[in-house]
Amino acid sequence: TSFTGSASLGDMVFISSATASSSASIEFDLGSYKEYKFFFVNIHPSSDAAEFEFQCSTDNGSNYNTTITSSHFRAVHDEAGTTTLFTYFTSGDQAQGTSFERLSQDTGSDNDQCCVGTLQLFDPNSSVFVKHFIANIQNIAATNFSTNEYKAGYFNDTNDLTNIKFKFASGNIDSGKILMFGLN
């Protein structure tokens, strides 16, 4: 993946994957890549109506409380085809908060419910700039609504982000897989 001239787009390199089986959380170490991309495959909660979320650490996983500012909007459509909605999701964002960042809203625990999607994290080792992220999650909520969740924001910290943790706000990750890729 290169184009003519002196610039190169680089390669996406598979780093790691984790498969959940009644797991409280899934954690990855972050290294020296300029960008990370995470793929979420059939992430299924053990508790009904649970929020899938993430947070980063600057101290090798001892604490997950890095300051975040984010925005969240979504498109919603119910299974019966009677309700649609496109809205900014006020309770899904943070303004200089240190909580885990919500990726999905009310993911259902029925056998046919889960969330899938991607998260991109940019330049987590910059000692000059904040660390931006964007996410797109397709979610089947406990109320049988299909939601397409869009998330963007930044970690307001110039320290290296050393680790990332994914979990549900309540209960375990019953099943699913997370793949981690790096880009230089």
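A residue counts as exposed when its relative accessible area is over 50%, as buried when that value is under 20%, and as partly exposed in between. Keep these cut-offs in mind while reading this predicted model.

Start with Glu 79. Its relative accessible area is 60%, so Glu 79 is exposed. Where does Glu 79 sit? Look in the loop between β5, which covers 68–78, and β6, which covers 84–88. Glu 79 also belongs to a negative surface patch. Its partners there are Asp 48, Asp 110 and Asp 112. A patch of this kind takes residues with over 30% relative accessible area and no salt bridge. Like charges are joined into it within 9 Å.

Now turn to a sheet. This one is open and has 4 strands. Read across it and the order is β2-β12-β4-β8. The pairing is antiparallel. Which strands form the edges? They are β2 (26–29) and β8 (101–102), and each of them pairs on one side only. Inside that order, look at β4 and β12. Strand β4 spans residues 52–57, and strand β12 spans residues 163–168. The two run antiparallel, and 6 bridges join them. To find your place in this pair, pick out Cys 56. It stands opposite Ile 164 in β12.

Next come two residues with a special backbone angle. Most residues other than glycine have a negative phi. Gln 96 is not a glycine, yet its phi is positive, at about 60°. Gln 96 lies in strand β7, which is made of residues 95–97. Is Gln 96 buried or partly exposed? Its relative accessible area is 42%, so Gln 96 is partly exposed.

Asp 106 also has a positive phi without being a glycine. Here the angle is about 55°. Asp 106 is found in a loop, the one between β8 and β9 (115–122). Its relative accessible area is 27%, and therefore Asp 106 counts as partly exposed.

Finish with Ser 99. This residue is in the loop between β7 and β8. With a relative accessible area of 47%, Ser 99 is partly exposed because that value does not reach the cut-off of over 50%. How far apart are the C-alpha atoms of Ser 99 and Asn 144? They are separated by 27 Å. Along the chain, Ser 99 and Asn 144 are 45 residues apart.

Methods. Residues numbered from 1 in each chain as written. Predicted model: local features only at pLDDT ≥ 70, side-chain atom pairs only at ≥ 80, totals over all residues. Heavy atoms only, no water. Patch = residues over 30% accessible without salt bridge, like charges linked within 9 Å, V, L, I, M, F, W, Y side chains within 5 Å. Areas by Shrake-Rupley, 256 points an atom, 1.4 Å probe, with all protein chains shown as cover. Salt bridge = Lys/Arg side-chain N within 4 Å of Asp/Glu carboxyl O. Lys, Arg positive; Asp, Glu negative; His and termini not counted. Charge placed at Lys NZ, Arg CZ, Asp CG, Glu CD. Buried < 20%, exposed > 50% of the residue type's maximum accessible area, 1.4 Å probe, protein only. Pairing = 2+ DSSP bridges.
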